[in-house]
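This report describes selected sheets, strand pairings and a chain contact. The reader is invited to follow each description in the structure shown below.

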Amino acid sequence: MSADSHNDPNTEPVDRRLSRRAFLRGAGAAGAASALVAAAVDSADHAGAASPEPRRDDSRAAVHKGEINLTLTINGKPRLVTVEPRTTLLNALRYYLDPPLTGTKVACDRGTCGACTVLLDGKPVYGCMILAADAVGRSVTTIEGLSPDGENLHPVQAAFVEHDALQCGFCTPGFVLTVTSVLNANPQATVDEIKHGCAGNLCRCGSYPHIYEAALSAGKTMAKKGAGNG
Amino acid sequence: MADAPTKRRIKVPKVVNGIESIVEIEVDDTAGPQWGNRDQFTLIGKRLPRVDGPDKVTGRARYTHDVRLPGLLYGRILPSSHASAKVATIDTSAAEALPGVRAVIAFAGKQLRYQGDPVAAVAADTPELAEDAIRAIRVKYDVQPHVVDVDTALAAGAASVYTAGNIRAEEPRGDAAATAARLALCAAVVEGEFRTPMQHHSSFETHGVVVDYRGGESATIYASTQGTIGVVGDTARALGLEQGKVVCIVEHMGGGFGAKNGLDLPGSIACQLARKVNRPIHLMLTRSDEFLMGGNRSGSLQRLKLGASADGKLLAMVAEQHKLGGLGGGSQRNQPFMYKVETVYRTMDSVHTNFDSSRAFRAPGCPQPSFAMESILDDLAAKLDMDPIAIRKANISDPVHLRQLDMASEAIGWATGRNKRPGSGQAGPKKCGMGIGISGWGGGGGPSCRVTVTITPDGAVTVGVGSQDLGTGTRTYTAAIVAEEFGLPIKAVRANIGDSRLGNANGSGGSTTAASLAPAVKDAAFNARVAFFARVAPALGAKPEELAASAGKVVSADGKSLTWKQACAALSGTPVVATGQWKIGLSDSGTRGVQAAEVEVDTETGKVRVLRLVGVQDCGLPLNRLAVESQLNGGMIQGLGYALTEGCVVDKVSGLMLNTNFEEYKLPGVMEMPAFTPIIDDNDKRGVIGMAEPATIPTAGVIANAIFNACGVRVRTLPITPDKILAGLAANAKASGGAA
């Protein structure tokens with residue numbers, strides 16, 4: 001059969017799949033740039049690090065230039081990180097922080113499964129759908145920040161363990177943070193409200209029934225403590 | 001009746017809700033390790049929160065994906081863009097010129113047989129740079145004719161996937177003419193064509209490894225695998241090292257469900273990259289690549305014809321079964337699956353397509369025939385105006401299934417909740433109905449694990465084994481069995497697992513992990529206790545056989561006792577180290593289950609809501625009730641996905657899979673969840689048996705039957721999406737003369 005004209009080397013790169021995130025990355029260039037200006041971020045534009053290969057769209061070419069130094073507020077502490085402007089918050093946490101925070105998991109990397117959920121100013125967001133630069137000036141809580149000493153578990157963490165609301169555990173950090181956010185807003189949340197709150201998180205092992213049990217139990221603990229500030 | 005000479009009774013302290021009392025228990029040392037009386041357990045068989053739970057809820061648990069090493073490079077694979085093609089030319093110069101790109105491998109001239117077949121691979125300083133490098137590779141394909149669906153593959157003149165053709169037939173079973181003659185005499189005959197799609201494992205942690213090889217003679221590989229030990233040999237071969245110089249570590253792993261065995265594609269490519277640059281490589285598949293090269297549950301095409309006597313006795317069946325495993329052979333158990341039919345004629349073949357090879361997936365080969373058989377059985381029951389439970393009982397002899405049918409029936413409220421005839425329920429657009437079905441699995445254990453228990457003079461107890469924990473709770477029952485032996489809280493025992501240096505172990509497949517490992521742990525714990533008592537007895541002025549360990553104390557027959565710490569201090573500087581192996585009698589094999597569902601069908605939209613799922617399951621000695629329930633729920637949830645939402649969608653024209661992501665490959669989520677009733681069948685008093693696989697076998701057929709019972713629509717092609725319900729309602733309305 002004939003050669004595949006779609007992959008003629010003179011026309012375009014072989015990988016033409018455009019993911020939702022790739023689109024956002026491109027679109028995010030402008031947003032990131034403005035965020036950088038607003039936050040007066042130290043820009044360390046290394047000309048030598050620029051990609052020699054011209055990209056198909058200019059906004060993406062712009063994204064590829066250089067690295068930026070960001071100060072992110074992670075679990076209440078300022079953390080310096082050097083990333084490219086296109087780097088997602090998820091990747092900044094997992095690959096660029098030193099030492100890295102790998103409790104935030106990557107499973108779909110395109111805003112579907114919730115394994116990379118972190119709290120941004122207390123609200124659950126997908127870490128893979130936000131550029132690290134867009135988190136500057138905001139408060140990022142990762143799973144490692146929920147019980148800073150690691151010994152005294154947050155009521156949601158304790159309830160997940162007690163009710164076996166996890167199996168392989170890969171979706172667990174995302175679920176714990178999502179449930180925490182739901183219960184912070186309303187410790188007396190009903191099962192339906194908890195389900196609604198968790199609708200953006202998936203679990204392949206099938207721990208959902210135990211997750212509700214854990215959430216209801218944690219809600220009771222939090223209401224009793226008058227906590228709600230997780 | 002006198003006790004057997006090897007048994008004796010001894011008084012020991014027992015703590016209940018913090019209150020200590022003395023109770024008499026029976027011990028039996030000389031007969032070797034035995035589970036003993038279940039009523040005496042303080043940990044085994046209870047609801048045990050998993051010991052690695054705190055690590056998993058705090059993010060401390062380190063998965064392969066989380067391993068970071070000095071000098072680590074990130075690998076990525078370029079998958080084939082075509083289902084069938086040859087790599088004509090490949091230009092990697094632009095990729096190699098990118099800063100931060102350290103290695104590029106190109107498979108020039110390779111014959112590609114499926115979308116996803118690796119074309120090239122790279123390693124770079126960051127994941128983003130690796131992605132850039134992949135995108136910079138230019139490939140020219142010689143595209144060849146492909147076949148990705150069963151109908152095309154079976155048709156005359158189809159493109160050949162293999163030179164031997166697309167069909168690999170097995171010998172037919174039975175007598176075609178005799179079966180046809182028997183069918184002609186049946187009081188009722190039903191037939192149907194059933195199709196099940198390829199289901200994807202969709203483990204949340206994708207396939208992959210971090211291989212730490214920097215040249216030299218040794219390497220460590222961190223792998224997301226179901227077989228820690230098996231990866232060692234594969235890696236040694238891939239790196240050209242001696243097997244004894246390779247260590248495999250699997251601290252935690254994010255799901256496998258059958259798909260993760262051996263070094264696998266990403267592992268072998270990571271090793272190639274590592275050899276090229278003598279640097280450690282992190283290569284975890286992207287989600288899209290995982291869909292394309294991570295395996296699948298083979299699809300099926302089944303044409304069944306089933307006949308019965310007027311009282312529902314199954315007399316004759318003709319079954320045409322096709323296994324659709326892509327490039328692989330696929331897996332499908334013989335019809336009539338778990339039922340007895342007097343006369344059967346059956347053909348079976350594998351039909352190959354240009355798609356990633358099937359792999360083991362939780363109860364390989366079972367959900368496909370289960371779905372078809374449970375469905376057609378209820379069609380027959382409807383035709384004979386029989387209760388689906390009655391027709392099952394008429395064709396099952398296994399007393400466990402008969403018992404469990406009653407248990408599930410009672411739990412779901414079958415007597416009052418089921419429509420007496422399909423679709424005969426309430427008025428209004430929303431119709432409820434119930435369905436039921438059976439499952440079974442062999443499983444069982446064997447001698448593969450070598451377990452070591454160590455007690456040190458400071459009181460620490462550790463147990464080590466190479467086995468991995470897929471999320472099933474392996475680490476937890478390992479600790480619990482040892483703690484139980486010494487009367488200690490589970491926290492007092494540290495379970496080290498998932499490291500090839502800790503001792504041989506079997507890969508996790510076929511629900512054999514618990515039945516292979518638990519007896520070996522029990523044996524090691526027993527041996528450690530006997531050795532420990534021999535060393536400690538003088539401190540209590542007693543004979544070793546007069547000692548017992550309970551509630552944190554070591555007690556002698558005359559009532560003297562030492563705390564655990566004091567007893568360990570008596571070891572005078574030398575730890576107790578004991579090993580254990582699998583012993584016959586501590587495990588068993590052969591599990592049975594029954595599931596029942598209640599669903600609601602919206603006849604205006606075709607939407608199905610599963611309201612309740614009941615799962616009854618035996619598993620011999622349940623080591624941890626909480627974890628068994630988690631697995632039973634999980635099996636049913638994966639079955640629910642198989643019934644209603646999941647399936648690889650592959651385009652015939654382009655040959656490409658269209659839903660290589662979690663938006664379009666629909667895993668069941670929170671909003672699809674019914675209420676669950678997991679029931680452990682405690683009538684089963686045998687040893688340990690794994691139960692992960694049977695939990696997912698009957699669910700799809702059970703849900704399909706509940707839908708049929710609710711609205712009278714029989715959907716024979718999974719997943720049962722709203723369009724199929726609406727089409728079925730329209731067909732039923734037309735058949736009954738237009739009365740909706």
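Two strands are said to pair if DSSP finds at least two bridges between them. By this criterion, strand 12 (residues 219–223) and strand 13 of chain B are a pair, because 4 bridges join them; these strands run parallel. Within this pairing, I221(B) stands opposite C248(B) in strand 13 of chain B. The model is predicted.

## The sheet of 7 strands in chain B

Strands 12 and 13 of chain B belong to an open sheet of 7 strands with the order 5-7-3-14-11-12-13 and mixed pairing. Why does one side of strand 5 and of strand 13 of chain B have no neighbour in the sheet? Strand 5 (101–106) and strand 13 (246–249) of chain B stand at the edges, and each has a single partner strand, so one side of each is left without a neighbour. On average, neighbouring strands of this sheet are turned by 20° against each other, direction ignored. Helix 6 (residues 228–239) of chain B lies across strand 11 (208–212), strand 12 and strand 13 of chain B. The helix runs at about 140° to strand 13 of chain B.

## The sheet of 3 strands in chain B

Chain B also holds an open sheet of 3 strands, in the order 6-4-8, with antiparallel pairing. Its edge strands are strand 6 (111–112) and strand 8 (138–143) of chain B, each of which pairs on one side only. Strand 4 (residues 85–91) of chain B is joined to strand 6 of chain B by 2 bridges. In that pairing, A85(B) has L112(B) as its bridge partner.

## A hairpin in chain A

In chain A, strand 4 (residues 117–120) and strand 5 (residues 123–126) form an antiparallel pair. L120(A) stands opposite K123(A) in strand 5 of chain A. The two strands make a hairpin with 2 residues between them, and D121(A) in the turn has a positive phi of about 50°.

The table lists the strand pairs described above.

| Strand pair | Bridges | Direction |
|---|---|---|
| Strands 12 and 13 of chain B | 4 bridges | parallel |
| Strands 4 and 6 of chain B | 2 bridges | antiparallel |
| Strands 4 and 5 of chain A | 4 bridges | antiparallel |

## The contact between the chains

The contact takes 65 residues from chain B and 59 residues from chain A. Several elements of chain B each supply at least two residues to the side that touches chain A, among them strand 4, strand 8 and helix 16 (625–644). Helix 16 of chain B gives the largest share of that side, 7 residues. The residues of this side of chain B divide into 30 nonpolar, 20 polar and 15 charged.

Conventions:
Residues numbered from 1 in each chain as written. Chains lettered and ligands numbered in written order. Predicted model: local features only at pLDDT ≥ 70, side-chain atom pairs only at ≥ 80, totals over all residues. Contact = placed C-beta atoms within 7 Å. Nonpolar A, V, L, I, M, F, W, Y, C, P; charged D, E, K, R; others polar. Axes fitted to C-alpha atoms, helices over the stretch in contact; angles between N-to-C directions.
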